[in-house]
Amino acid sequence: MKEIQVIINEDGSVKILYKGFYGGKCFLEAQKLYQKLKALGVDVKIESTVKTEEYYVTEKAKSKQFYVNGDF
């Protein structure tokens with residue numbers, strides 16, 4: 001399940017977590033979100049980006065088939 005969590009800290013800083021997006025798809029979703037916020041007059045400044053394990057998983061690897069004793 002895909003999920004975007006927006007955490008707003010008391011100091012006004014914002015942390016956005018993308019879950020369930022594989023490969024670079026989280027970055028595409030982030031751009032969509034930033035464009036929508038900009039259209040509302042919110043200036044988005046990215047201070048840091050941290051790639052999760054999901055970033056390194058491809059759609060192909062996500063649906064990998066495993067063989068046991070030569071059978072499916």
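## Glu54 and its surroundings

Glu54 is partly exposed, since its relative accessible area is 23%, and a residue has to fall under 20% before it counts as buried. The structure shown here is a predicted model, and in that model Glu54 belongs to the loop that runs between helix 1 and helix 2, the latter covering residues 59-62.

Which residues does Glu54 touch, once residues up to four places away in sequence are not counted? The partners are Tyr18, Lys19, Gly20, Phe21, Tyr22 and Gly23. One of these partners, Gly20, is 34 residues away from Glu54 along the chain, and yet the C-alpha atoms of the two are separated by 7.2 Å.

## The overall plan and the confidence in it

The protein has two helices and two strands, and a reader who starts at the N terminus meets these elements in the order β-β-α-α. Of its 72 residues, 10% count as buried. If one takes the contacts between residues at least 6 apart in sequence, 28% of them join residues that are at least 24 apart.

The mean pLDDT of the protein is 83, and 81% of the residues reach a score of at least 70. Among the elements, strand 1 (residues 3-8) has the highest mean pLDDT, at 92, whereas helix 2 has the lowest, at 59. Where pLDDT is low, the predicted coordinates should not be read in detail.

## The hairpin of strand 1 and strand 2

Strand 1 and strand 2 run antiparallel to each other and are paired over six bridges. Together they form a hairpin with five residues between them, and in the turn Gly12 has a positive phi of about 95°. Ile8 stands opposite Val14, a residue of strand 2. In a regular strand the side chains alternate between the two faces of the sheet.

Ser13 is placed in the loop between strand 1 and strand 2. Is Ser13 buried or partly exposed? With a relative accessible area of 31%, Ser13 is partly exposed, because this value is not under the 20% that would make it buried and not over the 50% that would make it exposed. When residues up to four places away in sequence are not counted, Ser13 touches Ile7 and Ile8. The C-alpha atom of Ser13 is separated by 10.0 Å from that of Glu47, which is 34 residues away along the chain.

## Glu29 in helix 1 and Thr52 in the loop

Glu29 is a residue of helix 1, and its relative accessibility of 24% places it among the residues that count as partly exposed. Leaving aside neighbours within four places in sequence, Glu29 is in contact with Tyr18 and Phe21, and both Tyr18 and Phe21 also appear among the residues that Glu54 touches. Between the C-alpha atoms of Glu29 and Ile4, which are 25 residues apart along the chain, the separation is 9.1 Å.

Thr52 is found in the loop between helix 1 and helix 2, which is also the loop that holds Glu54. The relative accessible area of Thr52 is 42%, so Thr52 is partly exposed. Phe21 lies 31 residues from Thr52 along the chain, and the C-alpha atoms of these two residues are separated by 9.8 Å.

## The largest pocket

How much space lies in the largest pocket? The volume comes to about 930 Å³. The lining of this pocket is made of 31 residues, and those that lie nearest its centre are Val14, Lys15, Ile16, Tyr34 and Ser48. Val14, as described above, is the residue of strand 2 that faces Ile8 across the hairpin.

Strand 2 (14-19) and helix 1 (25-39) each supply at least two residues of the lining, and helix 1 gives the largest share, with seven residues. Sorted by class, the lining of the largest pocket consists of 17 nonpolar, seven polar and seven charged residues.

Note on methods:
Residues are numbered from 1 along each chain as its sequence is written. This is a predicted model: local features need pLDDT of at least 70, side-chain atom pairs count only at pLDDT 80 or more; totals for chains, interfaces and linings use all residues. Side-chain values use heavy atoms; hydrogens and water are left out. On a 1 Å grid over the protein atoms alone, a cavity is a set of points where a 1.4 Å probe fits but cannot get out, and a pocket is an open set with protein on both sides within 12 Å along at least five of seven lines; lining residues have an atom within 4 Å of a point. Grid points are joined across faces, edges and corners, and a volume is the space filled by probe spheres set on the points. Helices (H or I, at least four residues) and strands (E, at least two) are DSSP runs, numbered from the N terminus. Ala, Val, Leu, Ile, Met, Phe, Trp, Tyr, Cys and Pro count as nonpolar, Asp, Glu, Lys and Arg as charged, and the others, Gly among them, as polar. Buried means under 20% relative accessible area, exposed over 50%, partly exposed in between (1.4 Å probe, protein chains only). Contact means heavy atoms within 4.5 Å. pLDDT is the predictor's confidence in each residue, from 0 to 100. Two strands pair if DSSP finds at least two bridges between them.
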